[in-house]
Amino acid sequence: MHSFGCALAFIRIYSGFFLSSFATIVNMQQGLVIKSTGSWYQVQLPSGTKVNCRIRGKFRQQGIKTTNPVSVGDIVDVEQNKDGNVISHIHPRENIIVRRSPNLSKQSHILAANVDQAVLMVTLTAPKTHPLFIDRFLVAVESYSIPAVLFFNKIDLLSSSQKQELDHLISVYRSIGYTCVATSVKEDHHIQEAHALLQNKISIVAGNSGVGKSSLINAIEPSLNLKTAAISSYHETGKHTTTFAEMHPLSKGGYIIDTPGIRGFGLYEITKEELSHYFPEIFQHSHECKFYNCSHVHEPGCAVIEAVKENIIDEERYINYLRILEDTGEKHR
Ligand code: GDP
Ligand code: ZN
């Protein structure tokens with residue numbers, strides 16, 4: 001009886017000591033990763049405070065084949081202890097946007113996690129965005145099951161034939177189901193519409209250098225004061241640019257993920273067999289093809305080729321399907 005009481009007291013004292021020391025060392029909060037530099041991560045806590053965090057070494061081993069275990073958009077647990085702030089847990093992700101690491105071919109780089117929509121900004125002039133680039137982007141975004149939006153910027157610069165081309169592209173992409181907005185940051189045209197589409201959402205914004213991404217973000221959120229082309233393209237010439245994304249909060253709600261140095265997203269592990277799934281209008285017609293495994297290239301009884309002939313499927317979209325098919329692998333690696 002006596003020894004039992006003693007043991008109990010010991011356990012009480014010991015656990016009391018343990019719990020109180022645990023409480024003083026560890027203070028855990030959930031937060032959103034808004035910036036990543038590779039070794040440091042900036043995390044926004046529920047109070048709005050931003051803290052710089054490191055990650056626990058073990059994530060590096062656990063992160064399967066990715067060069068960065070934590071990405072912007074990740075919801076994480078942050079432990080605040082005597083050594084500083086440490087990311088101790090990554091919450092399950094709704095989606096990730098990945099690109100193959102340029103240096104380590106077998107590794108990939110997570111550009112962003114938990115994205116609501118992917119915006120591609122394109123221009124028909126100064127510079128000209130090639131439709132193949134648009135379609136590659138849309139295929140990548142479809143493969144991630146993330147909604148895509150197209151902003152056609154610099155419409156103030158378009159000639160009358162370029163305006164016709166713009167109308168054609170917008171009608172093609174709208175008919176497939178993509179939201180399109182024709183904007184001019186310079187003339188403040190449809191910037192409110194663009195802003196409304198970004199509000200209360202986490203959007204990743206991509207596009208060739210010089211199309212006006214930074215200008216649009218600055219027009220929507222002047223306090224961000226991002227560098228625009230004249231300066232940034234000068235710095236980019238011939239240099240390796242960083243590929244770490246940053247999330248900019250919008251004062252009316254939502255975040256824009258800016259991916260400096262990244263024009264579009266790679267087609268990550270897409271096979272020839274599944275490519276047509278990521279062209280919504282081709283996929284829709286493929287159910288009527290004679291052969292269930294029709295590649296829509298040469299097969300008899302191909303409903304897709306028939307729809308192209310009848311102008312139901314846009315010919316340039318189909319040609320881009322064939323082009324992307326050519327450099328797509330056969331099977332899952
Ligand atoms: P980014 O590389 O996509 O971020 O492009 P920037 O925002 O740096 O813009 C590139 C250049 O295009 C800058 O000189 C901008 O002033 C200019 N620009 C941006 N939007 C428009 C537009 O709607 N019309 C015209 N004419 N110029 C624009
Ligand atoms: Zn077919």
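Start by selecting His296: with a relative accessibility of 2%, this histidine counts as buried, because anything under 20% relative accessible area gets that label. Keep in mind as you click around that this is a predicted model.

**Stop 1: the zinc ion**

Now show ligand 2, the zinc ion, along with its partners. His296 reaches it through ND1, while Cys289, Cys294 and Cys302 each use SG, and the distances run from 2.1 to 2.4 Å. Click on Cys302 too: its relative accessible area is 7%, so Cys302 is buried.

What is the geometry of this site? It's tetrahedral, with angles of 103 to 116° among the 4 donor atoms. For a yardstick, the ideal angle for four tetrahedral donors is 109.5 degrees. If you trace the donors along the chain, they follow the spacing C-x4-C-x1-H-x5-C.

**Stop 2: a cluster of rings**

Next, select Phe279, Tyr318 and Tyr321, which form one aromatic cluster. The count here comes to 2 aromatic pairs. Take Phe279 with Tyr321: these rings sit edge-to-face, 5.5 Å centre to centre, with 85° between the planes. Phe279 is in the loop between α8 and α9 (280–286), whereas Tyr321 belongs to helix α11, so this pair ties together parts that are 42 residues apart in sequence. Both Phe279 and Tyr321 are buried.

Then swap Phe279 for Tyr318. Tyr318 and Tyr321 are stacked, at 6.2 Å centre to centre and 25° between the planes. Why are these two about one helical turn apart? Because they are 3 residues apart in helix α11. Tyr318 is buried, and so is Tyr321.

**Stop 3: helix α3**

Select residues 131–143 to light up helix α3, which has 13 residues. From first C-alpha to last, α3 reaches 18 Å, close to the 18 Å expected at 1.5 Å a residue.

Which residues of α3 are buried? Colour these: Pro131, Phe133, Ile134, Asp135, Phe137, Leu138, Val139, Ala140 and Val141. To see what they pack against, add these elements to your selection:

- the strands β8 (117–123), β9 (148–153) and β11 (202–206)
- the helices α4 (160–176), α8 (272–275) and α11 (315–326)

Helix α11 should look familiar, as it holds Tyr318 and Tyr321. Before moving on, find Ser145, which follows α3 and has a positive phi, near 55°.

**Stop 4: Leu166 in helix α4**

One of the helices you just added, α4, is where you'll find Leu166. Is Leu166 buried or exposed? Its relative accessibility is 7%, so it counts as buried. Leaving out residues up to four places away in sequence, Leu166 touches Leu124, Phe152, Ile155, Leu158 and Ala182. Try the distance tool between the C-alpha atoms of Leu166 and Thr123: the two are 9.3 Å apart in space and 43 residues apart in sequence.

**Last stop: zoom out**

Clear your selections and show the whole protein chain. Its secondary structure comes to 11 helices and 13 strands. Of the 333 residues in the chain, 45% are buried. If you colour the surface by atom type, carbon and sulfur atoms account for 54% of an accessible surface of about 18,000 Å².

How much of the contact network joins residues at least 24 apart? Among contacts between residues at least 6 apart in sequence, the share is 64%. The Phe279 and Tyr321 pair, tying together parts 42 residues apart in sequence, is a nice one to revisit with that in mind.

Conventions: Residues numbered from 1 in each chain as written. Chains lettered and ligands numbered in written order. Predicted model: local features only at pLDDT ≥ 70, side-chain atom pairs only at ≥ 80, totals over all residues. Heavy atoms only, no water. Helix = DSSP H or I, 4+ residues; strand = E, 2+ residues; numbered from the N terminus. Expected span 1.5 Å × (residues − 1). Buried < 20%, exposed > 50% of the residue type's maximum accessible area, 1.4 Å probe, protein only. Contact = heavy atoms within 4.5 Å. Phe/Tyr/Trp six-rings, centres within 6.5 Å; stacked < 30°, edge-to-face > 60°. Donors = N, O, S within 2.8 Å, 3.2 Å for Na, K, Ca; no water. Tetrahedral: all angles 85-135°; square planar, octahedral: opposite > 155°, others 65-115°. Areas by Shrake-Rupley, 256 points an atom, 1.4 Å probe, with all protein chains shown as cover.
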